[in-house]
Amino acid sequence: MVLPRFVRPKEGDGESSPNLFVANCGPAVGLSYDTIASVFSSFGEVIGVYAADESGARVIISFLESTSAHSAFKALNGQPCPPLGGRSLHIRHSILQPPSSRVNDSVPVSLIASDLNIPGLYLFHDFISAKEEEELLQAVDNRPWKSLSKRRVQHYGYEFCYDTRNVDPKQHLGALPSFVSFILKRVSSFPNINDPADLDLDQLTVNEYPPGVGLSPHIDTHSAFKGLIFSLSLAGPCVMEFRRYTAGSWALKTEVKVENPDSCTELSRKAIYLPPRSMLFLSGEARYAWHHYIPHHKIDKVKETAIRRGSRRVSFTFRKVRTGPCQCEFPQYCDSQG
């Protein structure tokens, strides 16, 4: 089933739309779609509640009438909603995207990072052995998972908050687990690392993706993490796409992940194949200015070959929590620089 896609309306067009984009609302924050529909139906007939992205904390609510959407917007935007656990909702109008305006999904897929010509992006094949991969998977499977709307996660060091797209540096969960010690030792020998202090990695997010589940386009929040990101792929392959937006709402200073990334046509798109046991390293421009994205596919096309994703893909993403403002060279993408 292909869900409708929605985009931010042009200025002045929103009030005529029967659709609302609602943040801080969804299964990831303990609110079922039925509960959400029940609350919003007090403003008029609701014909659908959809996931706005893969976070589980943002939804699209479609009313039969635009007047109902406008009434709900006026009553609930920025206000605590007692029937929804007292959560403050962040709402804007949204419109259905015409199919003809979607970007062509055909992007050539590279096998090596240098082909992409993105400064600061590196890919190391066979970073770990098959035996080490098996041991890492066994280690995380012996620990509790947290379920999001479409995938499962584990957090170490600091918990990543999907509502705020940030971490609380005062809430330290403890040292990273001992089963990743050999990984930390190996990355310490990586080339092109200007400040060795950035290698004091203290946050790990483990993601488990079932077949067909990907990741919405985003830049990891600048104020949350420092300049190096390491992501190890296990169990299954995928294609990761990188996007550099040059105009429109996608150039805002935020970790952008919203209704439909393809609504902006002024962008550069490049893709790379991530095989199991490979380590992706993002720094500089690749980390701060390019959105990374995993398409929601079960089969990826790589060099004219169809590659089916495995029964699961697990990623280990290592980062260093930032304790002060970001002062990167990409202020147009930076939430610390205004």
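Is Ser 66 buried, partly exposed or exposed? Hold that thought for a second, everyone. What we're looking at today is a predicted model.

Okay, Ser 66. This serine is partly exposed, because its relative accessible area is 23% and buried would need a value under 20%. You'll find Ser 66 in helix α2, which covers residues 66–76. Now look back along the chain to Gly 44: that's 22 residues away from Ser 66 in sequence, and their C-alpha atoms sit 9.3 Å apart.

Next up, a hairpin. Strands β3 (residues 46–51) and β4 (residues 58–63) pair in the antiparallel sense, with five bridges. If you want one pair to find on screen, try Tyr 50, whose bridge partner in β4 is Ile 60. Six residues lie between the two strands, and in this hairpin Gly 56 takes a positive phi near 80 degrees.

Let's compare that first serine with another one. Ser 223 is in the loop between β15 and β16. Its relative accessibility is 19%, so Ser 223 counts as buried. The side chain of Ser 223 makes a polar contact with the Asp 335 side chain, at 2.5 Å. Setting aside neighbours within four places in sequence, Ser 223 is also in contact with Asn 166, Arg 322 and Ser 336.

And here's a charged residue that's tucked away: Arg 269, in strand β18. Arg 269 comes out as buried because its relative accessible area is 18%, and the cut-off is under 20%. Its side chain has a polar contact with the side chain of Glu 241, at 2.8 Å.

Now for the empty space inside. How many cavities of 30 Å³ or more are there? Two. The largest holds about 320 Å³. It has 27 lining residues, and the closest to its centre are Asn 207, Leu 215, His 218, His 292 and Arg 319. Among the elements giving two or more residues to that lining are β14, β15 and β16, but β23 gives the most, with four. By type, the lining splits into ten nonpolar, nine polar and eight charged residues.

The second largest cavity holds about 70 Å³. Its lining includes Tyr 209, Pro 210, Pro 211, Cys 238 and Arg 313. Here the split is seven nonpolar, two polar and three charged.

So, back to where we began: Ser 66 is partly exposed at 23%, while Ser 223 is buried at 19%. Thanks, that's my bit!

How values were computed:
Residues are numbered from 1 along each chain as its sequence is written. Side-chain values use heavy atoms; hydrogens and water are left out. Buried means under 20% relative accessible area, exposed over 50%, partly exposed in between (1.4 Å probe, protein chains only). A polar contact is a pair of N or O atoms within 3.5 Å; within protein, one must be able to donate a hydrogen and the other to accept it, and residues adjacent in sequence count only if both atoms are side-chain atoms. Contact means heavy atoms within 4.5 Å. Two strands pair if DSSP finds at least two bridges between them. On a 1 Å grid over the protein atoms alone, a cavity is a set of points where a 1.4 Å probe fits but cannot get out, and a pocket is an open set with protein on both sides within 12 Å along at least five of seven lines; lining residues have an atom within 4 Å of a point. Grid points are joined across faces, edges and corners, and a volume is the space filled by probe spheres set on the points. Ala, Val, Leu, Ile, Met, Phe, Trp, Tyr, Cys and Pro count as nonpolar, Asp, Glu, Lys and Arg as charged, and the others, Gly among them, as polar.
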